[in-house]
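Here are a few exercises to work through with the viewer open. Try each one before you read its solution.

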Amino acid sequence: MHIPDGYLSPQTYIPLYGISLGFWALALRNIKKELSTRHIPYLAMAAAFSFLIQMFNIPVPGGTTGHAVGAGIIAVLLGPWTSVAAVSMVLVIQAIVFGDGGITALGANCFNMAVAMPFVSYLTFKLINRGSKNGRRLYIAAFLSGYAGLSIAAMLTAVELGIQPLIASAPDGRPLYAPYPLSVTVPAMALGHFLLLSIVEGTMTVLLFKYFLKHEPGLIHAIKET
Amino acid sequence: MKGFQKKLWFGLLIMALLSPLGIVIPRLFNSDGAWGEWGTDKLGRLLGYVPEGLRKYADFWKAPVSDYSIGGEGAPLSARIFSYIGSGILGIFLVGLAVYLISRLLGKHGK
């Protein structure tokens with residue numbers, strides 16, 4: 001889901017950079033205000049976790065691969081803003097050091113995986129759980145938060161890629177950037193994610209949620225009473 | 001708290017050591033890379049041409065550890081496994097550094 005350089009037109013990647021920059025500024029402000037010093041190591045662990053989980057490529061039918069992102073469980077455990085910061089950090093390092101995702105596309109990739117995904121996951125969890133302390137309800141909320149978060153991130157990626165032929169083409173009619181139309185990108189991304197990768201993300205989310213609920217329930221941001 | 005955090009760091013280290021599964025398992029299924037993240041050569045094969053703007057931007061940045069592999073994508077599997085684990089550990093180190101810098105920036109110190 002890491003869009004490389006060259007796939008997005010400037011008309012797409014510049015506005016998305018703007019949006020992501022805005023969210024980064026807000027995330028820093030929120031972390032300064034909300035995240036206590038003793039939680040700083042958790043921010044590092046969350047980012048390390050997201051980095052590592054993304055290394056576990058999973059084969060998808062059709063000859064491609066995908067991976068979980070972890071932005072959902074981080075949002076549920078540490079709050080959406082901490083997840084924005086942690087996953088953005090990971091995406092910046094991946095782009096600069098490992099060439100995973102483009103530099104020009106960094107704003108877009110952050111918007112999909114480090115802005116939309118944390119908030120969709122967090123809101124999904126809250127919406128389904130509704131303050132319940134009931135085990136099963138918590139677990140369903142956790143699963144669906146991971147599932148929805150990754151699915152939305154994948155769909156945003158598909159739309160950003162799929163609109164490129166509409167935005168810019170060469171005089172001979174060939175697309176200038178990402179070549180496939182929405183009718184190709186959306187089904188291709190939907191299939192791999194809805195049927196496999198989002199299920200993996202949801203399962204991972206619920207397992208980690210269970211672990212933290214058992215060992216450090218006071219930490220979990222999404223079930224704190226405030 | 002301390003013991004719990006130690007356990008989590010240990011878990012992350014185990015993840016880094018297991019990370020080569022993320023290149024070995026897709027190989028068994030002949031799966032190669034994420035959908036839509038193809039390099040210009042593969043895209044050229046798929047399409048019959050490389051979009052002009054895409055070609056211009058594609059090599060915009062030369063990453064020091066491209067594809068999490070020191071020897072490039074063509075390196076032998078054993079070398080790839082080794083550099084993949086190294087990349088995982090480098091990643092942990094780099095995010096640690098980034099968090100440290102951000103916490104300094106925000107004026108939050110200590111553990």
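The exercises below deal with a predicted model.

**Exercise 1.** Work out how helix α5 of chain A and helix α6 of chain A are oriented to each other.

*Solution.* Start with the two stretches: α5(A) covers residues 106–129 and α6(A) covers residues 135–162. Their axes come within 7 Å and cross at roughly 150°. Angles over 145 degrees count as roughly antiparallel, so α5(A) is roughly antiparallel to α6(A). Next, the hand: the crossing of α5(A) and α6(A) is right-handed. Finally, sort the residues in the contact of α5(A) with α6(A) by class, and you get 17 nonpolar, eight polar and two charged.

**Exercise 2.** Find how many residues each chain puts into the contact, then break down the side of chain B that touches chain A.

*Solution.* Chain B puts in 56 residues and chain A puts in 54 residues. On the chain B side, α1 (2–18), α2 (21–28), α4 (52–58) and α5 (77–105) each supply at least two residues. The biggest giver there is α5(B), with eleven residues. By class, that side of chain B has 32 nonpolar, 16 polar and eight charged residues.

**Exercise 3.** Pick out the residues that touch the most other members of the largest nonpolar core, then follow up A:M113.

*Solution.* The core holds 103 residues, and the ones to pick are A:L43, A:A47, A:A48, A:V87, A:M113 and B:V95. As for helices, α6(A) gives the most to this core, with 13 residues. Now take A:M113 and skip its neighbours within four places in sequence: what's left in contact is A:M1, A:V69, A:A71, A:V87, A:L91 and A:A153.

Note on methods: Residues numbered from 1 in each chain as written. Chains lettered and ligands numbered in written order. Predicted model: local features only at pLDDT ≥ 70, side-chain atom pairs only at ≥ 80, totals over all residues. Axes fitted to C-alpha atoms, helices over the stretch in contact; angles between N-to-C directions. Helix = DSSP H or I, 4+ residues; strand = E, 2+ residues; numbered from the N terminus. Parallel < 35°, antiparallel > 145°, perpendicular 65-115°, else oblique. Left-handed = near helix turned anticlockwise from the far one by under 90°. Nonpolar A, V, L, I, M, F, W, Y, C, P; charged D, E, K, R; others polar. Contact = placed C-beta atoms within 7 Å. Core = buried A, V, L, I, M, F, W, Y, C linked by C-beta atoms within 7 Å. Buried ≥ 20, exposed ≤ 12 C-beta atoms within 10 Å, placed from the backbone.
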